[in-house]
Amino acid sequence: MKIGSIMAAVALGMTAGFSADLFAVTSEPVTEPSAEPTSRVRPEVIYRMSSLGRRTSAAFHRASEDKDYIDQLYATLRFESTWEYQDSAVFEAGIRTPRSAPNGPLEVIIQQAFIESQIAGAGLTVTAGKKVEFDGPGILMNPSDLLNEDKDLIDPLYQREGRVFTRISASGSSWKLGVGYIPLRAAMAGRGKAWLQIHAQFWGADLRLQMTSQKEDGITTGFSASRFIMADRLEVHLDGRYQANQRNVASQRERAYSTLKPADPSLFALAGGRFIVEGKRSVTIEYMQNQSGLTSAEFRDFFAYIRSLDDSNGDKKPDSRFLGRRYAFVAFHDEDSIPKTRLGASVLQNLDDQSIFANIELRRAVSPLIAVALTPTFFTGKSGSEFGEMPFSSIIYLQLTGRI
């Protein structure tokens, strides 16, 4: 039997069995909790204003839709209960102004809704529901994070929504093993992914391995390693993913313009280091290569297709993923120079077409409840380049965050 079939059988059986056990436990508890749960309610409100430098010559420009100013509201309400630091239940709901249609009605979303419980005497932890969980040592991207392959890399506010999964994990002093299932909503069970996670500490290095198996994608392997050297002043890391098949064109539309065939394997790898200058001040340098990414010639064909679309077509909206092959990334982070203030700057360059995505961040706590952030973002490049065809040459965010 193939490893993918074994993983799928274990994950599906685990999910079905756990669902039945969960129903029995929730409908008729056997014993009362030994202590009262600790419960918290955490409301948060974010108001963000954006000044947009429209680029009317860009492939993704929508003359009837793109504005030079939008404001957005994000509000979340998180309920969390914990029993003896072992079992927890979390529900986090929110409303937000749609990024792609800021004049439309507010979206109501469930950002997180999960339970996590330790099985007494078995040394196992069960996690089920919708949860925000990221993995991997890469600063900008984490190719090894197979739970979040479609993570929004442009807008951090859209990273607040979790993914649905079920997992059973066991752990020791220097290792952790998890087996799970990631469903595809409103689809047959076979369209979901069986999921394996292994985490170990070895000779001061943090080692992680993930594998998923799915009918169309085949087996995908994520791997990462990180370690501090030079008296803990320099952290070096490797973060990668090897996939047996290319992703479906329905989920990654740019696949239609790639010379790679659906059954071609590919590697997406990132290598870099983070140098701790002093305290909370650091410099990060990373290099990324994605064999599935588009070449400069393939980008031109892709953008020709985008230009042919009507503004109302959903494909006319830009991607929140990076679609090229080779990138260099440099970032600076500083929380020491100014009290209660975080400073940051980063530059990402597509090495094939030389286009650039740059970001500056100034975030300050003005009171115990309110923080303000100013984040100018710039997209530069020639016509036909990845960032040169973004609908805006700049986006300047001013964000107010209040926690009640």
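These are my notebook entries on aromatic rings, charged pairs and a nonpolar patch in this structure, which is a predicted model.

**Aromatic rings**

I looked up the aromatic pairs, and the count came to 15. I then took phenylalanine 299 and phenylalanine 303, whose ring centres are 5.5 Å apart and whose planes stand at 15 degrees, so I entered the pair as stacked, given that planes under 30 degrees apart count that way. Both residues lie in helix α2, which covers residues 296–307, and they are four residues apart, about one turn of the helix. Phenylalanine 299 is buried, and phenylalanine 303 is buried as well.

For phenylalanine 379 and phenylalanine 387 I found ring centres 6.4 Å apart and planes at 40 degrees, so this pair is tilted. Phenylalanine 379 is buried at a relative accessible area of 2%, and phenylalanine 387, with 2% relative accessibility, also counts as buried.

I also noted one aromatic cluster, formed by Phe60, Tyr257, Phe299, Phe302, Phe303 and Tyr305.

**Charges over a ring**

At tyrosine 158 I looked for charges over the ring, and found the charged end of arginine 96 sitting over it, 4.3 Å from the ring centre. Arginine 99 lies over the face of tyrosine 158 too, at 4.1 Å from the ring centre.

**Salt bridges**

My search of the whole structure gave 32 salt bridges. In one of them the side chains of glutamate 80 and arginine 40 meet, with an N to O distance of 3.5 Å. This pair links distant parts of the chain, since glutamate 80 is in strand β2 and arginine 40 in strand β1 (residues 38–54), 40 residues apart. Glutamate 80 counts as buried at 16% relative accessibility, whereas arginine 40, at 46%, counts as partly exposed.

I next recorded the salt bridge between arginine 321 and glutamate 254, where the closest N and O atoms are 3.0 Å apart. Arginine 321 is in the loop between α2 and β14, and glutamate 254 is in the loop between β11 and β12, 67 residues away. Both arginine 321 and glutamate 254 are buried.

Glutamate 361 and arginine 363 form a further salt bridge, with their closest N and O atoms 3.0 Å apart. Shared partners join Arg253, Glu254, Asp315, Asp319 and Arg321 into one network of salt bridges.

**Nonpolar patch**

Last, I looked at a nonpolar surface patch of about 540 Å², made by Val45, Leu73, Ile95, Leu106, Val108 and Ile404. Leucine 73 has its place in strand β2, residues 69–83, and counts as partly exposed at 30% relative accessibility.

How values were computed. Residues are numbered from 1 along each chain as its sequence is written. This is a predicted model: local features need pLDDT of at least 70, side-chain atom pairs count only at pLDDT 80 or more; totals for chains, interfaces and linings use all residues. Side-chain values use heavy atoms; hydrogens and water are left out. Rings of Phe, Tyr and Trp (its six-membered ring) pair if their centres lie within 6.5 Å; planes under 30 degrees apart count as stacked, over 60 as edge-to-face and the rest as tilted. Helices (H or I, at least four residues) and strands (E, at least two) are DSSP runs, numbered from the N terminus. Buried means under 20% relative accessible area, exposed over 50%, partly exposed in between (1.4 Å probe, protein chains only). A charge sits over a ring if NZ of Lys or CZ of Arg is within 6 Å of the ring centre and within 35 degrees of the ring normal. Patches are made of residues with over 30% relative accessible area and no salt bridge: like charges are joined within 9 Å, nonpolar side chains (Val, Leu, Ile, Met, Phe, Trp, Tyr) within 5 Å. Accessible areas come from the Shrake-Rupley method with a 1.4 Å probe; for residues, only the protein chains shown count as cover. A salt bridge is a side-chain nitrogen of Lys or Arg within 4 Å of a carboxyl oxygen of Asp or Glu.
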